[in-house]
Amino acid sequence: MINEEQVKNIIHGCENYLSTLLQKPVKLELKIVSGHIEKELIKLLVTQAYNAEWMQIISKKRHRGIVIVRMIYCYLMRRYTALSFAAIGTEINRDHSTVINSVRTIEGYMSVCDKSVAGIYTLIDELDELE
């Protein structure tokens with residue numbers, strides 16, 4: 001389970017990374033609005049949990065590992081944000097129908113306890129704790 005201090009450490013690490021890349025100070029804030037978790041936190045958790053680069057997730061690559069991570073991102077975005085399928089699709093350079101398929105696929109994997117999505121339960125627990 002993730003606690004407030006761990007979230008602060010993740011955000012601080014991202015601030016340092018972005019500051020180095022952009023060569024100027026960057027300040028990030030986490031906001032929970034109306035019980036919905038901000039999309040940036042989901043992005044951070046998914047990329048860290050699955051050791052994936054954001055550019056891989058939004059790329060056109062169709063390698064199984066990347067596809068599963070992309071689907072998990074869609075599922076979590078739909079579950080924890082108020083974003084529409086189309087808005088989530090825009091985030092990952094995909095059509096809304098791809099997001100619908102991703103959410104349904106992950107729900108199917110979860111219903112049969114498929115090992116491909118075993119790590120999602122940890123992320124769900126962490127996000128539920130923040131909500």
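**Figure 1. Tyr 17 is an exposed residue of this predicted model.** Start with the side chain of Tyr 17, which has a relative accessible area of 51%. That puts Tyr 17 in the exposed class because the cut-off is over 50%. Want to place Tyr 17 in the fold? Look along helix H1, which covers residues 4-22.

**Figure 2. Tyr 17 has nonpolar company on the surface.** Which residues make up the patch with Tyr 17? They are Leu 21 and Leu 22, and the three residues together have about 340 Å² of accessible area.

**Figure 3. Helix H7 has its buried residues on the same side.** This close-up takes in residues 120-130, the span of H7. Here Ile 120, Leu 123, Ile 124, Glu 126, Leu 127 and Leu 130 are buried. Why do they sit on the same side of H7? Because they cover an arc of only 165° around the axis. As a rule of thumb, an α-helix has 3.6 residues a turn, so residues three or four places apart point the same way.

**Figure 4. Stepping back, the chain holds seven helices and two strands.** Trace the elements from the N terminus and you get α-β-β-α-α-α-α-α-α. The chain has 131 residues, and 38% of them count as buried. On the outside, the chain exposes about 7,900 Å², with 53% of that supplied by carbon and sulfur atoms. As for contacts with a separation of 6 or more, 60% are between residues 24 or more positions apart.

Definitions and conventions. Residues numbered from 1 in each chain as written. Predicted model: local features only at pLDDT ≥ 70, side-chain atom pairs only at ≥ 80, totals over all residues. Heavy atoms only, no water. Helix = DSSP H or I, 4+ residues; strand = E, 2+ residues; numbered from the N terminus. Buried < 20%, exposed > 50% of the residue type's maximum accessible area, 1.4 Å probe, protein only. Contact = heavy atoms within 4.5 Å. Areas by Shrake-Rupley, 256 points an atom, 1.4 Å probe, with all protein chains shown as cover. Patch = residues over 30% accessible without salt bridge, like charges linked within 9 Å, V, L, I, M, F, W, Y side chains within 5 Å. Salt bridge = Lys/Arg side-chain N within 4 Å of Asp/Glu carboxyl O. Arc of directions from axis to C-beta.
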